[in-house]
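This report goes through one protein chain for a reader who has not met it before. Please keep the sequence and the 3D view at hand while reading.

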Amino acid sequence: MKYKKIILFFCIILPLSILLRTFQLFFTVETNTGFFKSEYETAGFYLLILIIAVCASLAIICFTGHRNPENPPKINPLISFASVFAVLGIAAGAYDARITPVTMPWQIALLTVSGILAAVYFLLYAISGFIDLKLSPLLSVLPSVYFIMKIICSFTAISSLALISDNILILSALCVMLLFFLSFGKLYNGIDTERNFRKLMASGLVSTVLCFTQSIPHIIINLTTHNGYLHTSNADNFSVLSFGIFIAVFTFSHFSAKNVRVVRSHRASETADEGFCSE
């Protein structure tokens, strides 16, 4: 499928998912407990399934795309500022780390260390957009390590609690973000160049939808109810939103027509050089 049609579908899915989640929080979820209201339990369940279904359909459509820039985008000021948001997201996540009696000390220690390393990477990544700073491609695996520990700690903490829609969406967002940063690391290390671009597009766009769907309705309901819904904290949702912003900016920059033209012109120049040398 053409890239423009995929983006059109994304532009429909994103506001639809945010609207469905907002409707779900306001009308089907009990503010005090986070569970679905007994009279609207079926409606709340179907809304959650619908959100997951539209995200799955978006992922499937992304795998039909053919735009493959192969090389990472040039880091521009917009990507740099988005990278700073990622640093703030890690800081917010550390401020509101889900630590419970069932969380192991080694999990907390590894989450802290990986968070610091990932934050330093994103900070250097942001700086490289303004100065000539070349980062080792191996450093691009640090965000994946952080999200592996983030998922482990979040799942461990949630496993001792009742499962509500917030926890399902946050865990889903974390898992898809991990898939995105795995593809992100492969891109910078030149791994799986034939298929990775589809994985990057699918995980990037779905991550954006899930991050925005979880965080924005949460912010709306807390603004209208004076922080009356805190089953997931404001800091945790800010962290999810921050990474959603970075992933969205990077994904659209990577698959932009400008980046594709740069790659094609680079290939054309290489072909011309080879022809000249052969002569």
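Aspartate 166 and arginine 21 form a salt bridge, with 3.3 Å between the closest N and O atoms. The pair ties together distant parts of the chain, since aspartate 166 belongs to helix 6 (residues 165-189) and arginine 21 to helix 1 (residues 3-27), and 145 residues separate them. Both partners, aspartate 166 and arginine 21, are buried. Side chains of opposite charge can pair when their charged atoms come close. The model in which this pair is seen is predicted.

How many salt bridges does a search of the whole structure find? The search finds three. They are set out in the table below.

| Salt bridge | Closest N and O atoms |
|---|---|
| Aspartate 166 with arginine 21 | 3.3 Å |
| Arginine 195 with aspartate 192 | 3.4 Å |
| Aspartate 192 with lysine 199 | 3.1 Å |

Aspartate 192 has a salt bridge with arginine 195 and another with lysine 199. Arginine 195 counts as exposed because its relative accessibility is 54%, and the cut-off for exposed is over 50%. Lysine 199 has a relative accessible area of 30%, so this residue is partly exposed. Through shared partners, the salt bridges join Asp192, Arg195 and Lys199 into one network.

**The chain as a whole**

The chain holds nine helices and zero strands. Read from the N terminus, its elements follow the order α-α-α-α-α-α-α-α-α. Of the 279 residues in the chain, 48% are buried.

**The nonpolar patch**

On the surface there is a nonpolar patch of about 800 Å². Its residues are Phe81, Ile116, Val120, Leu123, Leu124, Ile127, Phe130, Ile131 and Leu133. Which element gives the largest share of the nonpolar patch? That element is helix 4 (residues 105-127), with five residues.

Phenylalanine 130, one of the patch residues, sits in the loop between helix 4 and helix 5 (142-159). Is phenylalanine 130 buried or exposed? Its relative accessibility is 53%, so phenylalanine 130 counts as exposed.

**Pocket and cavities**

Rolling a probe the size of a water molecule over the atoms shows where empty space is left. The largest pocket has a volume of about 620 Å³. It is lined by 23 residues, and those closest to its centre are Pro72, Pro73, Lys74, Ile75 and Tyr188. Helix 4 and helix 9 (257-278) each give at least two residues to the lining of this pocket. Helix 9 provides the largest share of that lining, three residues. By type, the lining of the largest pocket consists of eleven nonpolar, eight polar and four charged residues. Helix 4 therefore has a part in two of the features described here, as the source of five residues of the nonpolar patch and as a contributor to the pocket lining.

The whole structure also has two cavities of 30 Å³ or more. The second largest cavity encloses about 30 Å³ of space. Which residues line the second largest cavity? They are Tyr146, Phe147, Lys150, Leu174, Met177, Ser239, Val240 and Phe243. Helix 5, helix 6 and helix 8 (234-254) are the elements that give two or more residues to this lining. The lining of the second largest cavity is made up of six nonpolar residues, one polar and one charged.

**Two further residues**

Leucine 179 is located in helix 6. With a relative accessible area of 49%, leucine 179 is partly exposed because exposed requires a value over 50%. Between the C-alpha atoms of leucine 179 and serine 144 there are 8.1 Å in space, while the two residues are 35 apart in sequence.

Glutamate 39 is placed in the loop between helix 1 and helix 2 (41-62). Why does glutamate 39 count as exposed? The reason is its relative accessibility of 55%, as exposed means over 50%. Glutamate 39 and threonine 28 are eleven residues apart along the chain, and their C-alpha atoms are separated by 8.2 Å.

Key: Residues numbered from 1 in each chain as written. Predicted model: local features only at pLDDT ≥ 70, side-chain atom pairs only at ≥ 80, totals over all residues. Heavy atoms only, no water. Patch = residues over 30% accessible without salt bridge, like charges linked within 9 Å, V, L, I, M, F, W, Y side chains within 5 Å. Areas by Shrake-Rupley, 256 points an atom, 1.4 Å probe, with all protein chains shown as cover. Salt bridge = Lys/Arg side-chain N within 4 Å of Asp/Glu carboxyl O. Helix = DSSP H or I, 4+ residues; strand = E, 2+ residues; numbered from the N terminus. Buried < 20%, exposed > 50% of the residue type's maximum accessible area, 1.4 Å probe, protein only. 1 Å grid on protein atoms, 1.4 Å probe; cavity = no way out; pocket = protein on both sides within 12 Å on 5 of 7 lines; lining within 4 Å. Points joined across faces, edges and corners; volume = space filled by probe spheres on them. Nonpolar A, V, L, I, M, F, W, Y, C, P; charged D, E, K, R; others polar.
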